[in-house]
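I set out to look up a few buried places in this chain and to note what surrounds them. The entries follow in the order in which I took them.

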Amino acid sequence: MSRFWSPVVHGLSPYVPGEQPKLDNLIKLNTNENPYPPSPHVPVAIAAAADRLRLYPDPGATSLRETIAAYYDVAADQVFVGNGSDEVLAHAFQGLLKHDAPLLFPDITYSFFPVWSQLYGIRHETIPLDAAMRVEIADYRRPCGAIILPNPNAPTGIALPREAIAQLVTEHPDQLVVIDEAYVDFGAESAVPLVAHHDNLLVVQTLSKSRALAGLRVGFAIGQRPLIEALERVKDSFNSYPLGGLAIAGAVAAIKDDAWFAETRARIMASREKLARGLTALGFEVLPSAANFVFARHPRHSGADLAARLRRHGVIVRHFAKPRIADFLRITVGTEEQCERLIEMAASLI
Ligand SMILES: Cc1ncc(COP(=O)(O)O)c(C=O)c1O
């Protein structure tokens, strides 16, 4: 607290990111990072771009937008890029999701959504997940200003099929629907092909997870031109150069290396299935995940207690002390060895 704070700062409850521990020997399964390195082309491209550090980067990050556009078969001016998808989402909250009617999102979802709502003074209502922790599209049939959903949802990992997203955008022709696809590459269907047919759909993705570039901070949105223009207007009223030249070069190289992408995501999905089977065999209830993490609870152990005991044994997972999910652990899919270690450790603790 300080007398220099503006009233808005007094009222904030900032997002708390997962722990980034200083100790090296911990098995870190708490922030959904990729356990494998990015494409080997990424450091080469970054080293080459270092020659141009004297200059400001391209404010429009044209090469990156063109690379993403070619990958998704959309026009480059339908792509917006930012400093992590968190920044892209924040701009969407400010520029597209603030209306008189409330913004809708699930009661259990990405915990940054209420934080941005508070920061930008956006009235919102949460829609409960059903008893199986699924998003029910029918529950969103109510007056609203806009809707935002992660797909797969976080932290449940449960995905909706593309058809359900199509139904949602069709049922709300006058409201914007933002789909946060941070984890889509691990087995869900992207809504990007729907963008051509729906002017009320914005899809947001990140290179932090499936492209293993959490440290580079690159995210993007795909939507029809007026939506992208809104994001550009916010960006150019905030920071014209959100992506440095190194980030642009590294991101382009990552997206172009399809073979690396395919191999590492396939490994992660195979490990996820093995991890889910192992936890189930130990008596855990594991929600069906299409992400690079599983959300699991044990009928005889509290989530907080299990997380604390795993931590003492050198394994960090994420626990949310929140209604409905306090008994769950969110466990990032690590390498094959890390997953085996987690199973051994859990077996010894339950
Ligand atoms: C659902 C969801 N959306 C967006 C993000 C933000 O990702 P980034 O800012 O690294 O692109 C995360 C990060 O964990 C997430 O879980």
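Before the first entry I fix a term: a salt bridge is a side-chain nitrogen of Lys or Arg within 4 Å of a carboxyl oxygen of Asp or Glu. I also keep in mind that the model is predicted.

**Entry 1, Asp-180.** I looked up Asp-180, which sits in strand β6, and found that Asp-180 is buried yet has no salt bridge. The nearest side chain of opposite charge belongs to Lys-209, 9.1 Å away, and because a salt bridge has to fall within 4 Å, I do not count that pair. What the side chain of Asp-180 does reach is the backbone nitrogen of Ala-182, at 3.2 Å. Setting aside residues up to four places away in sequence, I listed what Asp-180 touches, and the list includes Leu-89, Tyr-110, Phe-113, Asn-151 and Val-204.

**Entry 2, Asp-257.** I then turned to Asp-257, in the loop between α8 and α9, and asked which side chain of opposite charge is nearest to this buried residue. It is Arg-211, 7.5 Å away, and Asp-257 has no salt bridge. I noted a polar contact of 2.7 Å between the side chains of Asp-257 and Ser-39, and a polar atom of the Asp-257 side chain lies 3.2 Å from the backbone nitrogen of Trp-260. Leaving aside neighbours within four places in sequence, Asp-257 is in contact with Ser-39, Pro-40, His-41 and Arg-211.

**Entry 3, helix α8.** For α8, residues 245-256, I checked length against expectation: at 1.5 Å a residue its twelve residues should span 16 Å, and the end C-alpha atoms are 17 Å apart, which agrees. Nine of the twelve residues are buried, among them Ala-247, Ile-248, Gly-250, Val-252 and Ile-255. The cover over these buried residues includes α2 (41-49), α3 (62-72) and α9 (258-281).

**Entry 4, the cores.** I asked which residues of the largest nonpolar core touch the most other members. They are Leu-64, Ile-68, Met-133, Leu-201 and Ile-222, out of 54 residues. Among the elements that give two or more residues to this core are α3, β5 (146-150), β7 (201-206) and α8, and α8 gives the most, with seven residues. I followed Leu-201 further and, leaving aside neighbours within four places in sequence, found contacts that include Ile-165, Val-169, Ile-179, Leu-194, Ile-222 and Leu-227. Apart from this core lies another, of 31 residues, with Tyr-36, Tyr-183, Ala-291 and Val-333 among them.

Note on methods:
Residues are numbered from 1 along each chain as its sequence is written. This is a predicted model: local features need pLDDT of at least 70, side-chain atom pairs count only at pLDDT 80 or more; totals for chains, interfaces and linings use all residues. Side-chain values use heavy atoms; hydrogens and water are left out. Helices (H or I, at least four residues) and strands (E, at least two) are DSSP runs, numbered from the N terminus. The expected span of a helix is 1.5 Å times one less than its number of residues. Buried means under 20% relative accessible area, exposed over 50%, partly exposed in between (1.4 Å probe, protein chains only). Contact means heavy atoms within 4.5 Å. Lys and Arg count as positive and Asp and Glu as negative; His and the chain ends are not counted. A polar contact is a pair of N or O atoms within 3.5 Å; within protein, one must be able to donate a hydrogen and the other to accept it, and residues adjacent in sequence count only if both atoms are side-chain atoms. A nonpolar core is a set of buried Ala, Val, Leu, Ile, Met, Phe, Trp, Tyr and Cys residues joined through side-chain atoms within 4.5 Å.
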